[in-house]
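Please read the following account alongside the sequence and the coordinates. It goes from surface exposure to the metal sites, the charged pairs and the nonpolar core.

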Amino acid sequence: MSLPSWCPPYSSRKTGVNGEDVYCICKNPDNGDLMVGCDGCDDWFHFKCLKIPETYRKLVYSFHCPYCEAGITGPASQGANDLPKTIWKRKCRLDYCYNPCQSNSKYCSGEHGEEYMRTMLAKVEIPGLQHDAQLQLFKDMANYHKNDSTAEQFQQIGNEEFIHDEPKDQDSLYAEIVRDDKRLMELQDNVKELGEKTIPATKAGLDTLSKYLKWLEEINVKLALRGDLNLGEDATNGTSTNARGKNKKKFNKAKAKQRNCICGYDPDFQIPCGVDEFVSEYSPDLPHVKGICVKVRCSKHSSWATMQLEEQEQQLSSLESYQTRLELLIRMRKEQLHIHYYEQLLRRKD
Ligand SMILES: [Zn+2]
Ligand SMILES: [Zn+2]
Ligand SMILES: [Zn+2]
Ligand SMILES: [Zn+2]
């Protein structure tokens with residue numbers, strides 16, 4: 001990546017004309033404006049100068065400045081293969097809210113989850129439900145993944161009254177009312193996109209990460225056996241697995257030992273070579289091997305593996321629960337349209 005057109009060329013200058021500390025691409029002192037620290041070069045940058053809206057202040061997960069992203073400073077200037085990128089936390093699903101999501105959620109808070117579901121449900125208008133019952137339903141939908149019984153209760157709502165089955169003789173009236181309904185098509189498109197693209201892509205990403213972590217673990221074990229690292233006795237006995245849950249437990253347990261492991265951070269989790277080749281190129285005084293950070297007790301990427309794994313698992317479970325909700329919304333919309341269809345049919349016969 002090259003520097004954006006608005007960014008001045010790099011200068012290593014750290015002091016102004018009066019000897020004061022200066023920062024950022026603007027080489028001005030800290031004037032109290034909102035700033036963010038770069039994980040690549042340890043300089044500080046004004047949100048304004050970088051053209052990042054201040055509303056994003058809580059969404060920075062790992063920031064890299066334009067110079068580090070261009071490889072002028074930071075890891076890429078010291079031999080890393082890949083240019084670093086700024087990583088953002090997932091934003092609350094409500095358009096106007098810029099808080100990061102809570103774990104296991106698409107929203108920053110339960111209130112915003114309810115508000116989002118309210119706007120979604122307003123699109124499907126459930127007939128026959130009183131206002132209070134609707135409100136309770138929104139709450140249930142926003143929270144139900146925390147409590148399985150609520151999901152079942154939710155599915156029970158209105159089961160007896162509504163018509164599920166597609167009518168046998170589908171005519172032009174059916175097409176007009178049900179099949180070509182814009183809201184229904186929109187919901188069906190969303191659920192299709194989720195099931196065929198977004199969720200498989202997220203699963204593939206998680207799989208890549210798991211394989212990478214397994215590879216890294218083997219390297220740490222081999223380095224320990226070679227005497228380069230001190231992992232403690234039982235770290236060399238564990239068998240590896242790339243099953244989601246098991247990996248997580250393993251890494252939580254291994255947290256204490258991580259202090260004596262190589263960092264292994266790579267932004268893309270791409271395995272560059274076999275374990276033995278990597279181990280043979282490793283030497284304790286190198287900062288990177290094949291673009292991968294090999295610092296022991298690396299403070300810059302401290303516990304990146306657990307954070308990444310948790311983040312990706314959360315994302316997957318949020319997507320899956322969103323998929324379930326969409327399927328329920330589709331069913332409700334269909335039921336409503338079927339009622340409307342039968343009403344019209346009866347009116348014609350009169
Ligand atoms: Zn600035
Ligand atoms: Zn930087
Ligand atoms: Zn929010
Ligand atoms: Zn590191």
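A residue is called buried when its relative accessible area is under 20%, exposed when that area is over 50%, and partly exposed in between. Glu-281, at 37% relative accessibility, therefore counts as partly exposed. The model in which these values were computed is a predicted one. Over the chain of 350 residues, buried residues make up 39%.

The chain has 10 helices and 6 strands. Among contacts with a separation of 6 or more, 64% are between residues 24 or more positions apart. Several of the sites described below bring together parts of the chain that are separated in sequence, beginning with the zinc ions.

The zinc ion (ligand 2) is held by four cysteine sulfurs, the SG atoms of Cys-38, Cys-41, Cys-65 and Cys-68, at 2.3 to 2.4 Å. The angles among these 4 donor atoms run from 102 to 115°, and the site is tetrahedral. Along the sequence, the donor residues follow the spacing C-x2-C-x23-C-x2-C. Within this set, Cys-38 and Cys-65 link distant parts of the chain, 27 residues apart: Cys-38 sits in the loop between strand E1 (35-37) and strand E2 (44-46), and Cys-65 in the loop between strand E3 (60-62) and helix H1 (66-69). Cys-38 counts as buried because its relative accessibility is 3%. Cys-65 is also buried, with a relative accessibility of 0%.

Thr-73 belongs to the surroundings of these cysteines. Thr-73 is placed in the loop between H1 and E4, and its relative accessibility of 10% makes it buried. The side chain of Thr-73 reaches the backbone nitrogen of Cys-68 at 3.3 Å. When neighbours within four places in sequence are left aside, the residues in contact with Thr-73 are Tyr-10, Cys-41, Cys-65, Tyr-67 and Cys-68. Cys-41, Cys-65 and Cys-68 in that list are also donors to the zinc ion (ligand 2).

The zinc ion (ligand 3) has a mixed set of protein donors: Cys-92 (SG), Cys-97 (SG), Cys-108 (SG) and His-112 (ND1), which lie 2.0 to 2.4 Å from the ion. This site is tetrahedral as well, with angles of 99 to 116° among its 4 donor atoms. The donors are spaced C-x4-C-x10-C-x3-H along the chain. Cys-97 and Cys-108 both lie in the loop between strand E4 (87-88) and helix H2 (110-122), so this pair ties together parts that are 11 residues apart in sequence. Both Cys-97 and Cys-108 are buried.

Turning to charged side chains, the structure holds 10 salt bridges. One of them joins Lys-85 to Asp-268, with an N to O distance of 3.8 Å. This pair links distant parts of the chain, since Lys-85 is in the loop between H1 and E4 and Asp-268 is in the loop between helix H8 (255-258) and helix H9 (275-281), 183 residues apart. Asp-268 has a relative accessible area of 30% and is partly exposed.

A local example is found within helix H6 (residues 182-226), where Lys-197 and Glu-193 are 4 residues apart, about one turn of the helix. Their side chains meet in a salt bridge at 4.0 Å, N to O. Lys-197 counts as exposed because its relative accessibility is 53%, whereas Glu-193, at 41%, is partly exposed.

Glu-281, introduced at the start, forms a salt bridge with Lys-290 at 3.0 Å, N to O. Like Glu-281, Lys-290 is partly exposed, in its case at 27% relative accessibility. Glu-277 joins Glu-281 and Lys-290 in a network of salt bridges.

Which residues have the most contacts inside the largest nonpolar core? They are Trp-215, Ile-219, Ile-262, Phe-278 and Trp-304, in a core of 52 residues. At least two residues of this core come from each of H2, helix H5 (172-179), H6, H9, strand E6 (292-293) and helix H10 (304-349). H6 supplies the largest share, 14 residues. H6 is also the helix that carries the Lys-197 and Glu-193 pair.

Notes: Residues are numbered from 1 along each chain as its sequence is written. Chains are lettered from A and ligands numbered from 1 in the order in which they are written. This is a predicted model: local features need pLDDT of at least 70, side-chain atom pairs count only at pLDDT 80 or more; totals for chains, interfaces and linings use all residues. Side-chain values use heavy atoms; hydrogens and water are left out. Donors are N, O and S atoms within 2.8 Å of the metal (3.2 Å for Na, K and Ca); water is not among the atoms, so sites may look incomplete. Four donors count as tetrahedral if all angles lie between 85 and 135 degrees; four count as square planar and six as octahedral if opposite donors are over 155 degrees apart and all others between 65 and 115; anything else is irregular. Buried means under 20% relative accessible area, exposed over 50%, partly exposed in between (1.4 Å probe, protein chains only). A polar contact is a pair of N or O atoms within 3.5 Å; within protein, one must be able to donate a hydrogen and the other to accept it, and residues adjacent in sequence count only if both atoms are side-chain atoms. Contact means heavy atoms within 4.5 Å. A nonpolar core is a set of buried Ala, Val, Leu, Ile, Met, Phe, Trp, Tyr and Cys residues joined through side-chain atoms within 4.5 Å.
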